[in-house]
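Thank you all for coming; I would like to walk through one model with you this morning, so please have the sequence and the structure open as I talk.

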Amino acid sequence: MSGRLGPFRRPQLCLFGDSITQFSMGAGGWGSALASDYQRHADVLLRGYSGYNSRWALQLLPDLFPSSASPSETPALVTVFLGANAANRPPPLLLQPLSASRQHVPLQEYESNLAAIVRVIRQMGDGSAKVLIITPPPVDHEAWHAHCVRSYGSDPDADPNRHFDVTAEYAKAAVSVGKATSTPVADVHSAIMAHRDWKAMFDDGLHPNPRGNAVIFEQVKKAIAEHFPELVPQNPQMPAAGDVSLTNRGVSGLMMDFPDHKAIDAVDPGSTFAEWKMCLKAPE
């Protein structure tokens, strides 16, 4: 099975992106929700890098997604969640130092970088890794600028270094890259904007709070179900002990690894595990 580290190891889902990915394993985060959803089905790996834009993310690819990787090191799915930092506004900005724009990546370069990231991931190892692009969420630039004034000493009269309209263009670009590279997209930007009170879904105007993370999780989960149904965790009704084969047969998607405890023959547990292994080898 693609993404397995051997016959009895779980597939891996790799979350690649910036701070919205790095922080996703915290309480109420979309990554932690995904990890909970996939318990005993897949291992969720966090590869989020706070502050990184698409240009800097390219530097990570040889180490994170090497073409020389073995098939056992190839993840089943990689989410690519970049753009929030690339959408940083370019200089000059009123009353802002040049450093306020250091994360900016021009829109066309962002598109090119995103396409390159998708290509490299697909060339990793045995080439079996699937990719899901996630659009950057909207930014409440007024709340973000107020945060920068409070936390970083920015001038209250300065231009904010992020803007709703700019980030919206990068979200559209991510969708375009998905179409151009035949890569599924979880359109988090549109999903959050569908809520009238979307500004209440952020801690600081930029980073989602638990409500915003819940929307991200639902969009990622929905995209996986639609485009990669074989990667949906399945929890079929567990049979009685001695009938363990029913837990693996006739069900699509990712199965739990090893038998549920209710299916284990208490008198002869070895027979249960032997049948389980036979099921893994059985043709689908």
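Which residue takes a positive phi just after α7? In this predicted model, that residue is Ser182, with a phi of about 55°.

Turning to helix α7 itself, which covers residues 164-180, we would expect its 17 residues to span 24 Å because each adds 1.5 Å, and the end C-alpha atoms are 25 Å apart, which agrees. The buried residues of α7 are Thr167, Ala168, Tyr170, Ala171, Ala173, Ala174, Val177 and Gly178, and what covers them includes the helices α5 and α8 together with the strands β4 and β5.

Now to the nonpolar cores. The largest has 34 residues, of which Trp30, Tyr38, Leu132, Val220 and Ile224 touch the most other members. At least two residues of this core come from each of β1, α2, β3, β4, α6, α8 and α9, and α9 gives the most, with six. Apart from this core lies another, of 26 residues, and Ala173, which we met among the buried residues of α7, belongs to that other core, as do Phe65, Val78 and Ile121.

Finally, the second largest pocket encloses about 380 Å³ of space. Its lining comprises 23 residues, with Gln103, Trp144, Tyr152, Asn161 and Arg162 lying nearest the centre, and by class these lining residues divide into eight nonpolar, 12 polar and three charged. Helix α6, which also supplies at least two residues of the largest core, gives the most to this lining, with three residues, while α1 likewise supplies at least two.

Conventions:
Residues are numbered from 1 along each chain as its sequence is written. This is a predicted model: local features need pLDDT of at least 70, side-chain atom pairs count only at pLDDT 80 or more; totals for chains, interfaces and linings use all residues. Side-chain values use heavy atoms; hydrogens and water are left out. On a 1 Å grid over the protein atoms alone, a cavity is a set of points where a 1.4 Å probe fits but cannot get out, and a pocket is an open set with protein on both sides within 12 Å along at least five of seven lines; lining residues have an atom within 4 Å of a point. Grid points are joined across faces, edges and corners, and a volume is the space filled by probe spheres set on the points. Helices (H or I, at least four residues) and strands (E, at least two) are DSSP runs, numbered from the N terminus. Ala, Val, Leu, Ile, Met, Phe, Trp, Tyr, Cys and Pro count as nonpolar, Asp, Glu, Lys and Arg as charged, and the others, Gly among them, as polar. The expected span of a helix is 1.5 Å times one less than its number of residues. Buried means under 20% relative accessible area, exposed over 50%, partly exposed in between (1.4 Å probe, protein chains only). Contact means heavy atoms within 4.5 Å. A nonpolar core is a set of buried Ala, Val, Leu, Ile, Met, Phe, Trp, Tyr and Cys residues joined through side-chain atoms within 4.5 Å.
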